[in-house]
Amino acid sequence: MSGMVTEVRPPRRDEMAAYYRALPCANGLPSWEPADAAWHGGPEPWPPQRTPASAEQLEKLAAADIENESFHPIATFVDGECVGASATISFEVTVPGGRTARMAGVTATGVIATHRRRGYLRQMVQAMFEAAWERGEPLAMLSASEGSIYGRFGFSPATYRTRWELARHEAALLPAEPDPGSLELVDAAQAKTAWPRVHAEVRAHRVGELSPLPGRWDGLSDEADGTNGPLRFLAHRDKHGDVDGIANFRLPWSPTADRAGTLVVEALEATNSVAYRALWGLLIDFDLTKTVVAPGRPRDEPLRWMLTNPRAMRITRQTDNLWARLLDVPRALTQRSYLAPGSLNFTIDDDQMWPANNGTWHMKADDAVATCVPTDGTADLTITLSALSSLYFGGMSAQNLAHAGHITAHADGAIGHLARMFWTDPEPHNSFGF
Ligand SMILES: CC(C)(COP(=O)(O)OP(=O)(O)OC[C@H]1O[C@@H](n2cnc3c(N)ncnc32)[C@H](O)[C@@H]1OP(=O)(O)O)[C@@H](O)C(=O)NCCC(=O)NCCS
C-alpha cells in the first residue's frame, strides 16, 4: 500500500457519482445489521438489497445535494479513486429548556468493502468534526448501523426508539373528557400543509426532535407504494378548526394469515394530549383490523397510560436511536438549561479526537442561564466524553453510567447532583432520523 496517495476532502461536483457509489444508499449493499424483528409492519427484519442506482439517478441526487446548503459531504480518495464517503447535515436539535442547539448530523457513511479497516472512516470523522466546529456546531449526532463502530469516536446513545403492537380486542381507552375537536381523513396535499406546522410546535417542546430538512414532507402521496398500499392521513382539528395533530398510517397487504389486518402507524405527532388521544383512539380501534403496529415511537409512549390494560401495548423491538457526541463541551453545555440549579466541577481526560475538551470545568446553572469555564479547582467527578454526551439530552441515568465506570465521583453526592441537574422529562425522542 506504500506509495498510495490518500486524500480526505469534500468531493468536487464531477466526483459526486463516484462519491455515492461508496455509499450503501446508492450501491445497494447492506446499510443496517440484521435484527430479530422488523421496524415496519411486515415480517422481514432485513430489507431486501437494492439494485445499485443508475447514473441518471446519481446525477439527480448530486443536483439536489449540491443545492442543499446544509449538506456537507466528505470523501476518501486513494490514488484518485473514491473509496469512502460520508456527510454531515446541519440541523437544529431541541435541548432541555425548550431551546435548540446547532448539530452536525452524520448521515450515509461507507467505505468500500475492499478498502475497509484502514482508518478511512476515522479520518473522515475527524475531518467532519473539524468542519462542524468551524460552522459553529457544538455537537454531532448519528444513528449507528452497528453498535460497536461509533463509541470509539465519542458517540454514545442519547435517544431510543421503540416498536410496539397492540391487539385491537385489547385496545380499550380509559374514560376522558369529551373531545371538543374533530378527526378527519385528509389527502396528501392537506397532510403536506399540516405536517410542518404540527412538527414545529411539537419540536419546540420535545427534547431530541430535529428541524426538518427542506422538502421533508414533499414525498407524501396518495399513490399506492407497491403491495404496501397507499399512505393514509388522519388529522385532528381543535375546536377552532386548526390541525393540532396528524398521523400517517397504512393498511398493507398481508403475505401471511397471521399478519392479516395490520394497521401500521408510520408517524403520529400531536401538539396536545386531546389530539394525541383522539388520533390513537381511532387508530387502535379501526374497523376490520386486528392489530396496530407502531414503529419508531418514543419509549415512554403516553398511550400506555391511557389504556385500561397498559400491558396490552407490547414492545416488539427497541434500540438506541440517535447517538450524541459533544464537540465543544462548554458551548454545548451552556445551550441547554438544567432541571436543578447548582454548580459542579468535572474533569474530562479521554477526548483524543478533540483534546480542547480535556481539563477540569466549572459548571454553574440557575433557572435560565448556565456557564461552563475551565477551573483550577478540585473536580467533583470525572466523566468520559461519551457519558457526558449521553447525559446531555437528559434521558440517561447518571447512576447507571457511574455503575458502569464511565463516571467516577470524587465528592459525596456528586453523581446524584449530576443526575438531578441533567434529567429531562419526558425523555428525549426524535420522530424522524436522517
Ligand atoms: C463501517 C465502515 C464505514 C467502517 O469504515 P472503515 O474505514 O473500515 O473504518 P476505520 O478503518 O476507520 O475504523 C476505525 C476503527 O473502527 C473499527 N471499526 C470499523 N468498523 C467496525 C465495525 N463494523 N465493527 C467494529 N469495529 C469497527 C476499526 O477496527 C478501527 O478501530 P481502531 O481505531 O481501534 O483501530 C465500513 O466498514 C462500511 O462501510 N461498512 C458497511 C456500511 C456501514 O455499516 N456503514 C455505516 C453506516 S452508519
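# Exercises on charges and cysteines

R122 is partly exposed, with a relative accessible area of 39%. The structure is a predicted model, and the exercises below start from this residue.

**Exercise 1.** State where R122 sits in the chain and which residues gather with R122 in a patch of positive charge.

*Solution.*
Step 1. Find the element: R122 belongs to helix α4, which covers residues 120-135.
Step 2. Find the patch: R116, R117 and R152 join R122 in a patch of positive charge on the surface.
Step 3. Check the accessibility: a patch residue needs over 30% relative accessible area, and R122 has 39%.

**Exercise 2.** Find how many disulfides the structure has, and decide whether C82 and C372 are buried or exposed.

*Solution.*
Step 1. Apply the cut-off: two cysteine sulfur atoms must lie within 2.5 Å. The count by this rule is zero disulfides.
Step 2. Test one case: the cysteine sulfur nearest to that of C82 belongs to C25 and is 12 Å away, and C82 is in no disulfide.
Step 3. Classify the two residues: buried means under 20% relative accessible area. C82 has 10% and is therefore buried; C372 has 8% and is buried too.

**Exercise 3.** Describe the salt bridge between E15 and R9, and name the network that includes these residues.

*Solution.*
Step 1. Take the total: the whole structure holds 16 salt bridges.
Step 2. Look at the pair: the side chains of E15 and R9 meet with an N to O distance of 2.9 Å.
Step 3. Place the pair in its network: salt bridges link E7, R9, R12, D14 and E15.
Step 4. Classify E15: its relative accessibility is 10%, so E15 counts as buried.

**Exercise 4.** Work out which parts of the chain are linked by the salt bridges R206 to D300 and E427 to R299.

*Solution.*
Step 1. Start with R206 and D300: their side chains form a salt bridge of 3.0 Å, N to O. R206 is in the loop between α5 (188-205) and β10 (231-237), while D300 is in the loop between β13 (291-297) and β14 (314-320), 94 residues apart.
Step 2. Compare their accessibility: R206 is buried at 15%, whereas D300 is partly exposed at 26%.
Step 3. Turn to E427 and R299: the closest N and O atoms of this salt bridge are 3.0 Å apart. Because E427 lies in the segment after α10 (414-422) and R299 in the loop between β13 and β14, the pair ties together parts that are 128 residues apart in sequence.
Step 4. Classify this pair as well: E427, at 14%, is buried, and R299, at 31%, is partly exposed.

Methods. Residues are numbered from 1 along each chain as its sequence is written. This is a predicted model: local features need pLDDT of at least 70, side-chain atom pairs count only at pLDDT 80 or more; totals for chains, interfaces and linings use all residues. Side-chain values use heavy atoms; hydrogens and water are left out. Patches are made of residues with over 30% relative accessible area and no salt bridge: like charges are joined within 9 Å, nonpolar side chains (Val, Leu, Ile, Met, Phe, Trp, Tyr) within 5 Å. Accessible areas come from the Shrake-Rupley method with a 1.4 Å probe; for residues, only the protein chains shown count as cover. A salt bridge is a side-chain nitrogen of Lys or Arg within 4 Å of a carboxyl oxygen of Asp or Glu. Lys and Arg count as positive and Asp and Glu as negative; His and the chain ends are not counted. The place of a charge is taken as NZ of Lys, CZ of Arg, CG of Asp or CD of Glu. Helices (H or I, at least four residues) and strands (E, at least two) are DSSP runs, numbered from the N terminus. Buried means under 20% relative accessible area, exposed over 50%, partly exposed in between (1.4 Å probe, protein chains only).
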